[in-house]
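Open the model in your viewer and keep the selection panel at hand. The stops below go from the whole chain to its parts.

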Amino acid sequence: MRAGFIGLGIMGKPMAKNLLRAGYAVQVYDHHEESIQEVAAEGGVPCGSAREAADGADVIFTMLPNSPQVKTALLEKDGVLESMKKGAIVVDMSSIDPTVSIELEKAVTAAGGEMIDAPVSGGEPKAIDGTVSFMCGGKEDVFEKVKPMLAKMGRDVTLVGPIGSGNMTKLANQIIVAVNIAALSEAMVLASKSGVNPENVYRAIRGGLAGSTVMDAKAPMMLDRNFNPGFRIELHIKDLTNAMNAAKAVDMDLPMAEKVLDMMKQLQENGMGKCDHSAVVRYYEEQEGVEVKR
Ligand code: NAD
């Protein structure tokens with residue numbers, strides 16, 4: 001099996017390397033030449049465009065920031081559809097607007113291919129270990145064909161429903177994570193402002209009902225004042241904005257997600273867009289004039 005891989009950023013680079021280690025031939029492309037060369041050093045075939053990366057590939061992976069970049073890589077000049085062979089499968093692993101996944105699948109099938117949306121959760125450490133979780137949308141027979149390759153990059157590989165369901169699931173994930181981080185921030189700032197040691201609060205409650213993967217990942221970062229990403233606030237703004245659009249399409253409000261989106265936008269305006277999303281605690285700290293620390 002020959003793969004094309006477009007988008008070699010924080011997530012895409014280690015994921016492409018995992019495919020190479022599993023023995024697949026991988027044709028790689030990114031806007032950044034250094035990223036192409038880094039993956040080429042591990043056996044990737046360097047390409048000069050998305051079109052070149054897709055040429056002759058059985059499966060074409062994209063791991064790009066958002067909907068506009070995926071549209072560009074697939075549909076525009078020097079894009080995937082200019083070279084994609086009949087029967088090839090496009091697997092978009094980016095977190096994008098689910099309605100765009102549906103739109104893109106139409107274009108890919110019209111050009112003789114198939115498409116799965118397969119966004120991931122897990123972040124850079126799990127991309128490196130090959131243990132991300134894939135939430136997929138598409139036809140079952142197409143999903144079964146790409147599942148073995150996804151299993152080389154991730155641990156849980158789940159088909160949720162038709163095309164777009166993967167990204168709808170990812171939006172659900174991102175709402176839950178965002179609101180959790182905000183709740184954790186709110187609670188930690190309340191404890192700190194009341195003179196109670198936040199590290200002790202965390203130790204006392206992490207094993208109870210309030211404990212969570214989010215708490216164990218993000219409370220230590222807040223206490224260490226370590227806001228290096230991880231997952232950047234600007235990417236979470238992108239996901240929550242996509243969630244607001246998805247909610248609008250079914251005439252629904254997302255009051256909690258909307259509030260956290262406002263907090264994140266304010267942090268971005270204050271120059272913190274590239275910080276980890278655990279920096280939501282800074283929103284509360286600035287309002288209250290206290291710092292959560294050990
Ligand atoms: P990133 O910004 O590090 O990487 C994106 C890469 O795409 C960059 O290297 C950029 O040069 C390249 N690129 C952009 N447009 C391109 C184009 N048209 N053609 C070729 N290359 C192009 O982003 P990331 O952190 O790797 O995230 C990728 C996706 O995965 C996003 O949708 C993100 O929301 C999602 N995601 C990220 C994480 C995380 O922890 N970083 C976790 C889960 C999901």
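How many salt bridges does the rule find across the interface of domain 1 and domain 2? The count is 0. Bear in mind during the tour that this is a predicted model.

**Stop 1: the two domains.** Select residues 2-162 and colour them as domain 1, then select 168-288 and colour them as domain 2. Place a centroid on the C-alpha atoms of each domain; the two centres are 29 Å apart. Where the domains meet, domain 1 brings 12 residues to the contact and domain 2 brings 10 residues.

**Stop 2: the interface.** Show the surface that the domains hide from solvent between them: domain 1 and domain 2 bury about 950 Å², with 59% of that area on carbon and sulfur atoms. Now select Ser 95, Pro 98 and Met 135 on the domain 1 side. These residues account for 38% of the area that domain 1 buries against domain 2, and no other three residues supply more.

Although salt bridges number 0 across this interface, polar contacts are found there, in 4 residue pairs with both residues at pLDDT 80 or more. Colour the side of domain 1 that touches domain 2 by class, and you will count 8 nonpolar, 3 polar and 1 charged residues.

**Stop 3: the ligand.** Select the ligand and expand to its shell, which holds 24 residues. Ile 10, Met 11, Asp 30, Pro 65 and Lys 238 are the closest of them. By class, the shell consists of 11 nonpolar, 9 polar and 4 charged residues.

Where does the ligand lie with respect to the domains? Domain 1 and domain 2 both contribute residues to the shell, so the ligand lies between them.

**Stop 4: atoms facing the ligand.** Draw distances to the oxygen atoms of the ligand, working through these residues:

- Asp 30: a polar side-chain atom is 2.7 Å from a ligand oxygen.
- Leu 64: a polar backbone atom is 3.1 Å from a ligand oxygen.
- Arg 232: a side-chain N or O atom is 3.4 Å from a ligand oxygen.

Finish with the ligand surface: on its own the ligand has 830 Å² of accessible area, and the protein covers 91% of it.

Conventions: Residues are numbered from 1 along each chain as its sequence is written. This is a predicted model: local features need pLDDT of at least 70, side-chain atom pairs count only at pLDDT 80 or more; totals for chains, interfaces and linings use all residues. Side-chain values use heavy atoms; hydrogens and water are left out. Domain bounds come from an automatic or database domain assignment. Contact means heavy atoms within 4.5 Å. Buried area is the accessible area (1.4 Å probe) that two parts lose on being put together, summed over both. A salt bridge is a side-chain nitrogen of Lys or Arg within 4 Å of a carboxyl oxygen of Asp or Glu. A polar contact is a pair of N or O atoms within 3.5 Å; within protein, one must be able to donate a hydrogen and the other to accept it, and residues adjacent in sequence count only if both atoms are side-chain atoms. Ala, Val, Leu, Ile, Met, Phe, Trp, Tyr, Cys and Pro count as nonpolar, Asp, Glu, Lys and Arg as charged, and the others, Gly among them, as polar. A residue is near a molecule or strand if one of its heavy atoms lies within 4 Å of it. Accessible areas come from the Shrake-Rupley method with a 1.4 Å probe; for residues, only the protein chains shown count as cover.
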